[in-house]
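Work through the exercises below with the model open beside you. Try each task before reading its solution.

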Amino acid sequence: MKAIVLEQFGKPLELKEIEKPQPKDHEVLIKIKAAGLNPLDIKIKAGQAAHAQINPPAILGIDMAGIVEQVGRNVTNFKVGDEVFGMVGGVGNNPGTLAEYIAADADLLALKPKNISFKEAAAAPLIFITAWEGLVNKMNIQKDQTVLVHAGNGGVGHVALQIALAKDSIVFTTVRAENIEAVKNYPVEIINSDELSAEEYVEKLTDGSGFDNILDTVGLLDDSFKAVKQYSGHVASILGWGTHSIAPLSFRNATYSGVFTLYPLLSGKNRKHFGEILKEAAQLFKDGKLKIVLDDTFYSLKDTNLAYQNLEEGNAKGKVVIDME
């Protein structure tokens with residue numbers, strides 16, 4: 001089969017012919033129809049993501065959608081011909097999705113909804129799982145609670161807005177002035193972070209009490225700790241890097257959770273939960289409550305280096321997907 005291989009960090013990816021995998025007992029062999037790229041893939045390629053535990057040579061790519069061609073003898077929830085999607089590889093010792101085929105752990109998969117394309121399905125797994133873990137698993141957002149999503153224009157951010165809306169929460173998002181256009185069609189309160197500080201928008205929008213739940217998708221922990229509701233508030237972050245003072249959080253008697261989406265892939269633990277989360281995504285797709293913003297540029301497998309370049313340079317106008325058709 002053809003696959004995109006990282007031979008050396010910081011170097012162009014190479015299109016190679018390699019042996020087609022065979023599924024183990026708890027795996028399914030999938031003919032990949034589309035593979036989604038994420039900002040993390042850029043860092044992995046550059047050798048700037050030690051937490052992804054990649055050792056070249058390696059097939060990159062985390063997300064995919066495709067058709068089941070073979071099932072392992074212990075797999076009972078999928079059959080040949082099923083259309084599936086999942087976050088299944090590209091980190092640790094797991095071969096990635098930038099290939100014609102992948103042998104994937106059945107626990108990581110869900111059935112692709114019929115009303116969306118392979119391309120949209122391939123764009124969804126990492127960003128949806130990340131947003132769901134923060135909003136639902138960590139903070140358990142509820143109807144009529146206030147939910148603030150930092151950078152609702154981003155990959156995780158725009159999915160988080162839709163999850164929070166589906167949960168009937170009262171949704172707010174901070175965005176830079178240049179990104180307001182990207183979120184204006186969502187029924188949420190838009191906060192121009194170029195104009196208002198955390199203290200100012202907390203006072204203006206919550207009378208100083210703060211937000212019930214805050215999902216930080218871009219590393220705004222300091223602002224989040226200042227903006228969370230006293231006593232009952234909760235902050236979850238997908239980018240808890242650096243050194244931060246927790247005093248503002250402590251003084252508000254609030255709580256914090258980190259989200260590390262890669263852990264089940266790296267450790268092999270709790271993988272079934274990924275499949276369960278993607279079933280939630282599938283239902284929202286079916287109900288018309290979830291739509292992934294896609295970049296409209298067509299990339300084939302041989303165009304992967306260009307896709308990485310456009311993603312890295314900020315030229316993409318949505319999720320970048322490699323089309324295998």
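**Exercise 1. Classify Arg-73 by its accessibility, then find its charged partner and place both residues in the fold.**

Step 1. Arg-73 is exposed, at 71% relative accessible area. The classes are buried (under 20% relative accessible area), exposed (over 50%) and partly exposed (in between), using a 1.4 Å probe and protein chains only.

Step 2. The model is predicted: local features need pLDDT of at least 70, side-chain atom pairs count only at pLDDT 80 or more, and totals for chains, interfaces and linings use all residues. Residues are numbered from 1 along each chain as its sequence is written, and side-chain values use heavy atoms, with hydrogens and water left out.

Step 3. The partner is Asp-25, in a salt bridge with 3.1 Å between the closest N and O atoms. A salt bridge here is a side-chain nitrogen of Lys or Arg within 4 Å of a carboxyl oxygen of Asp or Glu.

Step 4. Arg-73 sits in the loop between strand 5 (63-71) and strand 6 (83-87), and Asp-25 in the loop between strand 2 (14-17) and strand 3 (27-36), so the pair ties together parts 48 residues apart in sequence. Helices (H or I, at least four residues) and strands (E, at least two) are DSSP runs, numbered from the N terminus.

Step 5. Asp-25 is partly exposed, at 32%.

**Exercise 2. Which residues form a network of salt bridges with Lys-16?**

Step 1. Start with one pair. Lys-16 bridges to Glu-7, with the closest N and O atoms 2.4 Å apart.

Step 2. Check accessibility. Lys-16 is partly exposed at 30%. Glu-7 is partly exposed at 31%.

Step 3. Extend the search. Glu-14 joins Glu-7 and Lys-16 in the network.

Step 4. Put this in context. The whole structure holds 14 salt bridges.

**Exercise 3. Compute the N to O distance for Asp-303 and Lys-302, and classify both residues.**

Step 1. The two side chains meet in a salt bridge at 3.7 Å, N to O.

Step 2. Lys-302 is exposed, with 64% relative accessibility. Asp-303 is partly exposed, with 21%.

**Exercise 4. Is Thr-173 buried or exposed? Describe its surroundings.**

Step 1. Locate the residue. Thr-173 belongs to strand 10 (residues 170-175).

Step 2. Thr-173 is buried, at 0% relative accessibility.

Step 3. List contacts (heavy atoms within 4.5 Å). Leaving out residues up to four places away in sequence, Thr-173 touches Leu-148, Val-149, Ala-151, Gly-152, Leu-161, Val-183, Val-188, Glu-189, Ile-190 and Ile-191.

Step 4. Look at Gly-152 again. Its backbone nitrogen lies 2.9 Å from a polar atom of the Thr-173 side chain.

Step 5. Take a separation for scale. Gln-53 is 120 residues from Thr-173 in sequence, and their C-alpha atoms are 32 Å apart.

**Exercise 5. Inspect the backbone. Which residues does a cis peptide bond join, and where does Tyr-231 with its positive phi lie?**

Step 1. The cis bond joins Pro-56 and Pro-57, with omega about 0°. Pro-57 lies in the loop between helix 1 (39-46) and strand 4 (58-59).

Step 2. Tyr-231 is not a glycine, yet its phi is about 70°. Tyr-231 lies in the loop between helix 7 (221-227) and strand 13 (234-237). This residue is exposed, at 67%.

Step 3. Asn-253 also has a positive phi, about 55°, without being a glycine. Its loop runs between helix 8 (247-251) and strand 14 (255-258). Asn-253 is partly exposed, at 40%.

Definitions and conventions: A polar contact is a pair of N or O atoms within 3.5 Å; within protein, one must be able to donate a hydrogen and the other to accept it, and residues adjacent in sequence count only if both atoms are side-chain atoms.
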